[in-house]
Amino acid sequence: MQRRHSSNADNLPPERTRSQTVGSETSVDESGVFEGLKPENPSPQQLFSGLTGLQSGPITATSFPSGLVLGSSLGASVGSGDVFLQMTPQEEGSIRTENMQYHHRHHHYHHSHHRPSLLHVSGDRHGGTEDGTDDPGTPAPALSELKAAVTWLQKGLPFILILLAKVCFQHKLGIAVCVGMASTFAYANITVKHQVSLREKRSILVTLWILVFLIGNTLFVYYTFSTQQLYMSLVFLKTSLESMDFFDLLWIAGITDFVLKYITIGLKCLILILPRLILAFKSRGTIYLLIEEMSQLLRSLIPIQLWYKYIMAGDASSSYLMGGPLIVLYSLCKSLDVCGRVGGMRKALKIMCKSQSCGVRATSQQCSESGDICPICQAEFRDPVMLICQHIFCEECACLWFDHERSCPLCRTAVTETLRCWKDGTTSAHFQVY
């Protein structure tokens, strides 16, 4: 209010300045925002206390200049607190324009600096119809649930670790045996694969060492747990364990699966030891493939009798009621798995029966044009063959290359349609427990 008086005092007379003050307060209060803040029934002395040029004392109608009329001209009484100024039309139009400009600035100032208080006053006037708006900083429900889950895990982590430590200590022997057998399998599998890739440079002693090492581990495990008769599950017979819980099922199925993997690697070692005159290197990939497919089929069949015994275990009254539908579901799922294994073995037999030829025979002139050196083995051609991309390689080198690749090693042209795994002597590390 003081800024308004200072800006208009230089150009307007005192009566006109007070008219602007009263008019601006009236227009702002039309919206009802400042109704609760306006004093009730102000006296004439309070209204005209800021006007200069007026005499002190009680205010009457005779104390005003001739241009001022109180209330009666517009139908209002003096006691109501309303003051009306009579002026010429030109003066009224100029003052109205200035009032509109000031009202716009005043209304913008109050909305920008006192918006929370205005909203609060407006909400109180309308009876609290709006409880409040959503805070944009409030996290989404999904994010809140995630934070709650993380908080719960942080609080429960010590108890989870205690539970895991208790389970590990309770089954420490089984966990140690499984870790040892898994390490033995990984070492033997990598070594055999490396020896297969060396072909003629393979080490017979290393291959024999792997074979003896696997046999020794198998005998040691079965001898240590001879009372349980774990070897009976290899021929689809029941072990000496009368009652079987879930951990016993995992124990027997895991030991049997690792032993079958050892037997698979041992058979591949026997094929690897054979001299080249008995079995060519280019034909050994198909034998490795056939051994692997047969091993995976047998490993999928072994756990069937274990699962049947586990599902049907329990009271005679409840075992048939609950175990019957579970046996049917398990049989359906297992039949699909077994059918896939049988299909893989049939494909391996077809590949083995086909002649191993990667291309057509190359002439001596074509070999001389290629430099008489095989790009794979970097030696002179032995039984050279030409691929569909017109590149020439040794037949054995080309067959070994396509055991794990589909394209030409030089131009990357696709030569074979399908790629068959396990031709490089690798054994599947899949843990077959079901």
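Which residue in strand 3 is the bridge partner of M386? The reply, taken from a predicted model, is I392, and the small sheet around this pair is a convenient place to begin.

## The sheet

The model, which is predicted, contains an open sheet of 3 strands that follow the order 1-2-3 and pair in the antiparallel sense. Strand 1, covering residues 360-361, and strand 3, covering 392-394, stand at the edges with a single partner strand each, so one side of each is left without a neighbour in the sheet. Strand 2 is made of residues 384-386, and its antiparallel pairing with strand 3 runs over 3 bridges. The partnership of M386 with I392 in strand 3 belongs to this part of the fold.

## Salt bridges around R276

Across the structure there are 12 salt bridges. In one of them the side chains of E200 and R276 meet, with an N to O distance of 2.1 Å. This pair links distant parts of the chain, since E200 sits in the loop between helix 7 (172-198) and helix 8 (204-224), while R276 sits in the loop between helix 9 (246-273) and helix 10 (281-301), 76 residues apart. E200 is partly exposed, because its relative accessible area of 43% lies between the limits of 20% and 50%. R276 likewise counts as partly exposed, with a relative accessibility of 33%.

R276 also forms a salt bridge with E396, and here the closest N and O atoms are 2.9 Å apart. Again the pair links distant parts of the chain, as E396 belongs to helix 14 (residues 395-401) and R276 to the loop between helix 9 and helix 10, with their positions 120 residues apart. E396 counts as buried, because its relative accessibility of 12% is under 20%.

## From strand 1 to helix 14

Another salt bridge joins R361 and E395, whose closest N and O atoms are 3.2 Å apart. R361 lies in strand 1 and E395 in helix 14, so this contact ties together parts that are 34 residues apart in sequence. The two residues can be described separately by their accessibility: R361 counts as exposed at 53%, whereas E395 is buried, with a relative accessible area of 7%. Beyond this pair, salt bridges that share partners join R199, E200, R276, R382 and E396 into one network.

## Patches on the surface

Where on the surface does positive charge gather? A patch of positive charge is formed there by R346, K347, K350 and K354. One of these residues, K350, is found in helix 12, which spans residues 316-353. K350 is exposed, because its relative accessible area of 52% is over 50%.

A patch with a nonpolar character is made by W152, L153, L157, I160, L161 and L164, and it takes up about 610 Å² of the surface. Among its members, L161 has its place in helix 6, which runs over residues 141-170. L161 is partly exposed rather than exposed, because its relative accessible area is 49% and the exposed class requires a value over 50%.

Conventions:
Residues numbered from 1 in each chain as written. Predicted model: local features only at pLDDT ≥ 70, side-chain atom pairs only at ≥ 80, totals over all residues. Heavy atoms only, no water. Patch = residues over 30% accessible without salt bridge, like charges linked within 9 Å, V, L, I, M, F, W, Y side chains within 5 Å. Areas by Shrake-Rupley, 256 points an atom, 1.4 Å probe, with all protein chains shown as cover. Salt bridge = Lys/Arg side-chain N within 4 Å of Asp/Glu carboxyl O. Lys, Arg positive; Asp, Glu negative; His and termini not counted. Charge placed at Lys NZ, Arg CZ, Asp CG, Glu CD. Helix = DSSP H or I, 4+ residues; strand = E, 2+ residues; numbered from the N terminus. Buried < 20%, exposed > 50% of the residue type's maximum accessible area, 1.4 Å probe, protein only. Pairing = 2+ DSSP bridges.
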